[in-house]
There are 2 protein chains.
Amino acid sequence: MAQEKQDAETKIKEAARRVFLAQGYEGAKMRQIAEEADVNLAMINYYFRSKEQLFNSIYAETFGQFIGQVMQLINEPTPLEVKIWKIVDRYTDFLIDNPLVPSFILSKQRVNGGEFLKDMDVRGQIEKSVFKKQLVEEAEKGNIRLTDPLQVITAILGCLVFPIMAQQVVSYVGGLDEAGFREFMESRKQFVPEMIMAYLKSG
Amino acid sequence: MAQEKQDAETKIKEAARRVFLAQGYEGAKMRQIAEEADVNLAMINYYFRSKEQLFNSIYAETFGQFIGQVMQLINEPTPLEVKIWKIVDRYTDFLIDNPLVPSFILSKQRVNGGEFLKDMDVRGQIEKSVFKKQLVEEAEKGNIRLTDPLQVITAILGCLVFPIMAQQVVSYVGGLDEAGFREFMESRKQFVPEMIMAYLKSG
DNA sequence: GTCTATATCGTGATAGAC
DNA sequence: GTCTATCACGATATAGAC
C-alpha cells in the first residue's frame, strides 16, 4: 500500500529495469517498456531522451547497487572467518533474489563498464578494504597462507555467480526443480566458505 | 595455406560465429555477417533459411564443442588429484582462447538451452562419469571427504568461467593490462586445484 | 505532462534476372 | 549459385494538439 499512484518517471524506470534485465539492451523494446509501465510510448522519450539514456540510467543504478553490496560486505569489521561466512550468506541471498543482475551487468561490461568502475573508484575501495588488510595480517600472523586477495574474491564471486547464471544447466544436470535449485544454493552457503577456509588454512 | 578459397557456406558460418559471439542474437545483424563473410546478403538466406536457423546452427555447434570438451576432461582415466589439475589447466587454456563462448552459451540458455542438454544426454554422461565415480570411491576409502560432485564441478567451472566473463572488472580492480590478466589466469591454474584439493582433504 | 499521428530509418526476408 | 532491387515490417524518435 506504499504508493498506489506512482509518478510516470518511476513507473517507467521500474518497467525498464524489468525489461532490460530480462531481454538485454538490444532485445528490449521501447514499446514493451511503455506497455509494462502503463504509459504512452512518447512519455518515455519525454522523461529520458533516448533508449540509450534510459538504459544508462538503469545500468548505473543497478551496477551501483551491486558494487555497493559487495563493498559493504567486504568492509564489515568482523573477524576474517566470520566475515567470509557472512559474505557468502548475504551475497547468495542477494543473487537468489536478483538472478538476472550478473548477466545484465556483464552484458554491457565490454562496452562501457570501465567508466562506471572508475567513477566509483572501485579499485581504491578494494585496495584499502578491511578484507584485504585482514588477509595480509592473518597471513603475517601465520594463521593462514599468504594469497592474492583478488584470487580469493574472484573465487567467492565465481562460485556463487556462475551457478546463478547457469541455473538451467545446473538444474538440468542435477535433476533439480526450482525448489531443488534453491536447496543447492543454500547448501552452497556452507560449501563455499568451507572450501575457502580449507584453502587458506592449508599449505 | 589450408583453403584459400572456401565455399560460401563455410565462410558464412565462420563469420556468423564471430558476429553472434561478439554481439549476441539480437545485436548481430545479417548485413554485418554478410559483409564479414564477403558474401551477398541473399546468400545467407539461400543456405540458411533464416537468422534463427543460422543462429541455431552456430549455437548447437559451439555448445557441442564446449560440452564435449568438459566431458572428455571429466572422463579421462587418470587419478583424481592429477585429473583435477589437468581439468583446470586444459579448461583455462580453452577459455583464454575462447573468452566469448561462456556468455554466448549462457545468453540463449534460458530460451532453449534445455533442449540441447537433453539431446546430448549431458545428465547421463555426468551421472556415469569417471570423475563422479572417483569422488565417491575416494571418499569411501577415506582419502577425501564425501561431497556432492555437482558442488565440486560448479566450483571449478565458476572459478574459471567467471573471471573470463568479468575480465574487464577483474583487470580494472587488479590494475592489470592484457598480459597481466593472462598471468592472473595462469596463476589460477595453481590456485583453483589447490583450493579444491584443500577442501576435499579437509573436514 | 500527456496524448495521437507520423516521420524516418534499419531490419530480415524474398523476387526474379542472370 | 550468385547477384540487384525491393518489399514489409517494426523500431526509435518526434511533431504538434490538448
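**Exercise 1. Work out which helices supply at least two residues each of the surface near DNA strand D, and which one gives the largest share.**

Step 1: Go through the helices in this predicted model. From chain A, α2 (30–36) and α3 (41–47) each supply at least two residues, and α3 (41–47) of chain B does too.

Step 2: Now pick out the top contributor. That's α3(B), with four residues.

Step 3: Sort the surface by class. You get nine nonpolar residues, three polar ones and four charged ones.

**Exercise 2. Find the residues that come nearest to DNA strand D, then say what some of them touch on the strand.**

Step 1: There are 16 residues around the strand, and the nearest are R31(A), K51(A), N40(B), M43(B) and Y47(B).

Step 2: Start with the base. R31(A) puts a polar side-chain atom 3.4 Å from a base nitrogen of DNA strand D. With the polar-contact cut-off at 3.5 Å, the R31(A) pair at 3.4 Å makes the list.

Step 3: Move on to phosphate. K51(A) uses a backbone N or O atom, 2.8 Å from a phosphate oxygen of the strand. Y47(B) uses a polar side-chain atom instead, again 2.8 Å from a phosphate oxygen.

Step 4: Check the strand's side of things. Of its atoms within 4 Å of the protein, 56% are sugar or phosphate, and the rest belong to bases.

**Exercise 3. Describe the interface of chain A and chain B: how many residues are in contact, and how much area is buried?**

Step 1: Count residues. Chain A brings 48 and chain B brings 49.

Step 2: Get the area. About 4500 Å² is buried between the two chains, with carbon and sulfur atoms giving 69% of that.

Step 3: Look for the big contributors on chain A. Q151(A), F162(A) and Y172(A) supply 16% of the area chain A buries against chain B, more than any other three residues.

**Exercise 4. Track down the polar pairs between chain A and chain B, then see which helices of chain A form its side of the interface.**

Step 1: Tally the pairs. Eight residue pairs are in polar contact, counting those with both residues at pLDDT 80 or more.

Step 2: Apply the salt-bridge rule, which finds two across the interface. One of them joins R145(B) to E194(A), with the closest N and O atoms 3.1 Å apart.

Step 3: Map the helices. At least two residues each come from α1 (8–27), α7 (109–119), α8 (122–127), α10 (149–165), α11 (167–174) and α12 (178–201) of chain A. The largest share is twelve residues, from α10(A).

Step 4: Finish with the classes: the side of chain A that touches chain B has 26 nonpolar, 13 polar and nine charged residues.

Notes:
Residues numbered from 1 in each chain as written. Chains lettered and ligands numbered in written order. Predicted model: local features only at pLDDT ≥ 70, side-chain atom pairs only at ≥ 80, totals over all residues. Heavy atoms only, no water. Near = heavy atom within 4 Å. Polar contact = N/O pair within 3.5 Å; in protein donor to acceptor, adjacent residues only side chain to side chain. Nonpolar A, V, L, I, M, F, W, Y, C, P; charged D, E, K, R; others polar. Contact = heavy atoms within 4.5 Å. Buried area = accessible area lost by both parts, 1.4 Å probe. Salt bridge = Lys/Arg side-chain N within 4 Å of Asp/Glu carboxyl O.
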